[in-house]
Amino acid sequence: MKNEVTKQIRVYGIVQGVGFRPTVSRHAATHQIRGSVSNKGPYVEIFAQGPEEAVDGFISDIENKPPKRAAILKMNIEPIEEAEDFTEFAIIESEKTKGEIFVSPDIAICDECKEEMFDPKNRRYLHPFINCTCCGPRLTILDALPYDRERTSMKEFPMCPDCAKEYHDPATRRYDAQPVCCNECGPEVYLIGREERGRDAIIYTRRTIAEGGIVAIKGIGGFHLCCDATNEEAVKRLRELKKRPAKPFAVMAKDLESVKRECLVSEEQEKILTGHQKPILLLDKKEDGEETLCESIAPGNPKVGVMLPYAPVQLLLFTYDDGIRMPSFLVMTSGNTSGAPICREDKEAIQELSRLCDCMLSHNRKIRIRADDSVMDFYKNEPYMIRRSRGYAPLPTMVQMLWKGQVLATGGELKNTFCIGVDGRFYPSPYVGDLEDLRTVEALKETIGRMETLLEVEPKVVACDLHPKYNATVVAEELGLPVLKIQHHFAHILSCMAENDCEDPVIGVSFDGTGYGTDGTIWGGEILRCDYNGFERLGSIKPFWQVGGDLSAKEGWRIAGSLLYEELQDKEKTVEWMKQLELCTEPEAKVLVTMTGRHLNAVRSTSAGRLFDGVSAILGIREKSTFEGEASTALEFAAEAYEKTMQHPYEPLMLKPFTETAEDRLILNTGELVKNLAKKRLAGEDAGQLAYEFHQELARQIISAALTASHQTGIRKVALSGGVFQNRLLLRLVEEGLVKQGLITLHHHLIPPNDGGLSLGQAAYAMAYLQKHEIK
């Protein structure tokens, strides 16, 4: 035909499982374009034939009017000189092609599907698995790419004629939607070990919750344990059964209005709450809220973790046509025993959850990859990720460096994630869990295998933590690949650098609980000079003897005693101070001081996490922790509460920032800070004020150390990472102080500062290593 052109368009990004091909087909119809569209795995390939003006308009619509959940990262457009003559525009069978791959995370139910689900005239009325091209499961049902039904766990559910008609009709919202189904042909919910199925199973589950019971519910990425979050007795019972005395429970709210009655919600937080990812958001409780939530949800905590329903079955828990009155908030906590991975199959649920609940609502759509809920805080009105999983994983972090190769990183021991690196793209996995439990180790191995298959990678090298006894290290060593062992705190800083696409060397402030040091001691409060090739330890908090093995991480009074003895160097005085501060009994104090003095069951430590625990105990805020971070977060909350009452700017202590030692690095003056706080507490000063004083003075010492390191090295960028920087007060005080000194700061955003982000840093190091070393 005259004046016609044919162009080949390749679209890269999140273009699988988001209705990209149907949208392209509709744009083709609008512009009367002939040609084809197909998934190639790494990209969508389009051939467009027609008048040049129409083809250009078609390409513009693809770029500017993609599906809601798509993310176009790049488009390659090439003219085809000798093209075949197309007679129509067709979606053609997907083909497998090597190249860049982007897997869509699971997508929360969209408003259109929600409306249909509650419309009694709609054929999908109250359908627990309603979805369309804009929403529904993706990663968790995926076997392989390209993303087509036969490569998902939906292949077990043949479409009925009505669903098939919608699937093949370009005019419908379910055109080419792979998980499409209805009440006639889709998966079915049922109660494990009981006869109830479908509607009867949902009604029984709702009644159990309404009457104060506990239920296990299989969702998109695994099981939750659920009960009425407004029923103190039910929540306390769940705590007893799960052996979780104080750690906050996440709650699911019926709707945004319910959240706003209980919590402060900014405009940006509202967008995240109601968006298509729907993580758990850590929100500040309203002081004048309606107090619907019972105290046992988050005891002594000014925040509560809240999410909105993202799976159809979760909406049905709140709203159904059975006349049962349901609460506006439900506890929705991970369905597992402490330390184990989230359950995803009936067999696991029977073994692990049956003793924790009164009934179990399951379904017969298989979960291929576990995906726990993501947890997000906010810092300066921007997202600040605490746990990155459902809705976000495995979206890649991308860097500008022209790296080439394929690597795997197995992450840390706690809050484990792994990361696969392909050239300049790094794919962090969904949250796996704590590897102290062998079930979680098996889950890690399985998920690594599945993700390698999805991303079509064969890593040349595997990176892991330096600690020789970590299970993550053992997993790495079993893979039969060359192993790179990377120091824990160095990996934290590389993680921050990679997330911020920073190529320059940085001063790294890496503060957390525990990491194996290159000298065999415990590190945790470190000032490092870092680039992708290596690091130098420039400073740390003052070392102390960490006594008591694993108990020291749970009993802050032990750390307090060790810190005090380190400064006082007087057994009797230390025991007397410990008695007066009511840290423990006199016999316990004497034993601890003796062990510290003789270095019995003790290791030299610069753990910032344990420093926080010790100060929390000295100030009488928390002497012991029942979960990781309990004492240190309580210290933070006390400091933040005091800051709100301050009438005038705080006057800093002005201790010397560093202490004189024989060490070959800067030593922060944290020992004198601890002694000073203890003196003031013994003198009766307010614990909240002293908690704030601790944060302020520690921040000042960190700033002084970073500034000194900057003068020594000429480096002007400072990266802040490690679990201690989940503490937003410390992060703000340090960051604002560094900026005042003219330094550039990097902090995390959508990669956690804690060990959940460790694997990204390990993978970045491994990729940089590959560029300079030949691996056979």
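## Exercises on a predicted model

P394 sits in the loop that runs between β15 (382-387) and β16 (397-398). The exercises below concern a predicted model.

**Exercise 1. Determine which peptide bond at P394 is cis, and find where two residues with positive phi, K278 and N381, are placed.**

Solution. Begin with the backbone at the proline: A393 and P394 are joined by a cis peptide bond, with omega at about 5 degrees. Turn next to K278, whose phi is near 45 degrees, a positive value in a residue that is not glycine; K278 belongs to the loop between α8 (267-274) and β10 (280-284). N381, likewise not a glycine, has a positive phi of about 60 degrees, and N381 is placed in the loop between β14 and β15. As background, most residues other than glycine have a negative phi, and most peptide bonds are trans.

The last step is accessibility. K278 has 5% relative accessibility and therefore counts as buried, whereas N381, at 41%, counts as partly exposed.

**Exercise 2. Describe helix α18, asking how its span relates to the expected one and what covers its buried residues.**

Solution. Helix α18 covers residues 630-645, which makes 16 residues, and from the first C-alpha to the last the helix reaches 23 Å, close to the 22 Å expected at 1.5 Å a residue. The buried residues of α18 include E630, A631, S632, A634 and L635, and E636, F637, A638, A639 and E640 are buried as well. Among the elements that cover these buried residues are α17 (608-618), α20 (687-713) and α21 (728-740).

**Exercise 3. Work out which element supplies the largest share of the lining of the second largest pocket, and which residues are closest to the centre of that pocket.**

Solution. The second largest pocket has a volume of about 620 Å³. Its lining consists of 24 residues, of which D284, K303, E640, K644 and R728 are the closest to the centre. Sorting the lining by element, one finds that β14 (375-379), α18 and α21 each supply at least two residues, and that α18 gives the largest share, with five residues. Sorting by class instead, the lining holds eight nonpolar, five polar and 11 charged residues.

**Exercise 4. Place L698 and A491 in their helices, decide whether each is buried or exposed, and list their contacts beyond four places in sequence.**

Solution. L698 lies in helix α20 and, with a relative accessible area of 0%, is buried. Setting aside residues up to four places away in sequence, L698 touches F511, L611, F612, T670, L673 and L730. By contrast with these contacts, P187 is 511 residues from L698 along the chain, and their C-alpha atoms are separated by 55 Å.

A491 is found in helix α13 (residues 488-499), and its relative accessibility of 0% makes A491 buried too. Apart from neighbours within four places in sequence, A491 is in contact with I486, L758, G761 and Q762. A491 and G757 are 266 residues apart in sequence, yet 8.8 Å apart in space, C-alpha to C-alpha.

**Exercise 5. Find out how the radius of gyration of the protein chain relates to that of a compact globule, and how many residues apart its contacts reach.**

Solution. For 776 residues, a compact globule would have a radius of gyration near 28 Å, and the chain, with 28 Å, agrees. The C-alpha trace spans about 95 × 65 × 55 Å along its principal axes, and the chain contains 22 helices and 29 strands. Of its 776 residues, 62% count as buried. Finally, among contacts between residues at least 6 apart in sequence, 72% join residues at least 24 apart.

Notes:
Residues numbered from 1 in each chain as written. Predicted model: local features only at pLDDT ≥ 70, side-chain atom pairs only at ≥ 80, totals over all residues. Heavy atoms only, no water. Expected span 1.5 Å × (residues − 1). Buried < 20%, exposed > 50% of the residue type's maximum accessible area, 1.4 Å probe, protein only. Contact = heavy atoms within 4.5 Å. 1 Å grid on protein atoms, 1.4 Å probe; cavity = no way out; pocket = protein on both sides within 12 Å on 5 of 7 lines; lining within 4 Å. Points joined across faces, edges and corners; volume = space filled by probe spheres on them. Nonpolar A, V, L, I, M, F, W, Y, C, P; charged D, E, K, R; others polar. Rg over C-alpha atoms; globule rule 2.2 N^0.38 Å.
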